[in-house]
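Student: I keep meeting labels in structure descriptions. Can we test a few of them against their definitions?

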Amino acid sequence: MTRWKISVDKHVCISSAMCVAIAPGRFVLDGQQRSGPVEADIDPDEEVRDAAASCPSEAISLVDADTGQPVDLD
Amino acid sequence: MTVDSSPVKFTPALPGQPAADIGAISGDRPVFRAELPDGRIVWLVSGYENVRQMITDRRFSRALAVAPGQARPGAEMFAAGSINGLDPPEQTRLRKLVASAFTVRRVEALRPRVASIVNELIDAVLDRPQPVDLVAGFSLPLPSQVICEMLGVPAADLEQFHAWSDVIIGDWQRDSDEIMTALAELYGYFGALIESKRAQPADDLMSALIAARDDADRLSEEELTVMCCTLLVGGHETTANHINLSLLLLFDHPDELAKLRGDPELIPGAVEELLRCVRLGSLLPARMTKEDVTIGGVTIPAGEQVIALTSTANKDPSVFSDPDRFDVTRDAANHMTFGAGAHHCIGAQLARVELQEAFRGLIGRLPGLRLAVPASELEFKPGMVIHSLRELPVRWGEP
């Protein structure tokens, strides 16, 4: 069973919070309004894929947890 | 929690007037019901955390608020079916098709082109006798030319296009027949342009969207037309007037303007502070509750219209100390002017780059830039969606 690993580069995040709205329960903003994953290892989830594809600063990285290969965002 | 939910009358301040004192109007309630000048009864949400929570919460729906049969001001007819008037996941499907063109990285690559348009426009300004109207000579053509080049719209059509855009987003009180006519003409114009682009594709966003439709069926023909219109309309009036209103704010604070003259490295930070402080429009579009939602300790029933007061978020003292002070050196990057969540302004990065390059050019090349008439004589176009200046006559050089 494929698992995905989410990470967010907080230095690149511009606090648009698009991920918070597009994939509810998957991302949360910290005190500086920067995003991070609620859980880093997840089952594949189309909303998380949408959130990564929609991030205006391309701060969200989504990889296959086993292979480390980037998940296709299309 | 039981609250007094009888609506209070709320009239957004006119352009050029001081912002309404929300605390006084609401009796310091962060979430309250209000009757707007157009008769709509809405809930207003204020304060940084409440605004953030509301606009990132999918239980507040844009699609329901712009649905036929709802009380909608003119510009909302334009939003229906667009990325501004849909909810995820439909909204995400459409937005993803253009999102990559507006990322930080892609927009940064456009910066040299933006800077060169700024320089060409200032060259032309310098060739004219003073005073010069910066609306016609700079602030409107800059973002218009940039978004036209991105989309692949002929710049020669801009004037006609501005006339439609003025009708559609310019006046809340306007007869809706007039707005529908302008919308139909704008859609007709884009329909024809899409056909000619389809025959002769180019390296532009419109051609990419046409390919997404024709090759992969990722959007309908109507969605394609609406997307082009949305990007073109959204891409210029906002930025143009942000340039205008930012200049007025800077003219009002000569010490802050002098800091930027002395150190242009301050301009990117100053742009964030200008975005925080300038009041570009009156009210954001409404959303509608899909179910009962509790926010700020108040439960809003399902089926109610709700509007986030982003200006109160930008002036929240728990986030921005001494919030009414305009300070180009403060860290204002967490302002809420571009919104947040699924509807975070798609052109935010483009607007930032345009504003930064605009002020770099204006401040650097037009020393002594100042208003040529008293600020009280400036006229705004009638309407309440965006505070849109008719003219901005300026002089520069030695007084």
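**Cysteines first**

Student: Why is Cys229(B) not bonded to the closest cysteine sulfur?

Tutor: A disulfide is a pair of cysteine sulfur atoms within 2.5 Å. The closest cysteine sulfur to that of Cys229(B) is in Cys228(B), 6.9 Å away, so it is too far for a bond. Cys277(B) is in no disulfide either: the nearest cysteine sulfur, in Cys345(B), is 18 Å away. Over all chains, the search finds zero disulfides.

Student: What model is this, and how are its residues numbered?

Tutor: It is a predicted model, where local features need pLDDT of at least 70, side-chain atom pairs count only at pLDDT 80 or more, and totals for chains, interfaces and linings use all residues. Residues are numbered from 1 along each chain, chains are lettered from A and ligands numbered from 1 as written, and side-chain values use heavy atoms, without hydrogens and water.

Student: Why does Cys229(B) count as buried?

Tutor: Buried means under 20% relative accessible area, exposed over 50%, partly exposed in between (1.4 Å probe, protein chains only). Cys229(B) has 0%, so it is buried. Cys277(B), at 18%, is buried too.

Student: What makes helix H12 of chain B largely enclosed?

Tutor: Helices are DSSP runs (H or I, at least four residues), strands likewise (E, at least two), numbered from the N terminus. In H12(B), 11 of the 14 residues are buried, so the rest of the structure largely encloses it. Among them are Glu223(B), Met227(B) and Leu231(B).

Student: What makes E1(B) and E4(B) edge strands?

Tutor: Strands pair if DSSP finds at least two bridges between them. E1(B) and E4(B) each pair on one side only. Two bridges join E1(B) to E2(B), and these strands run parallel.
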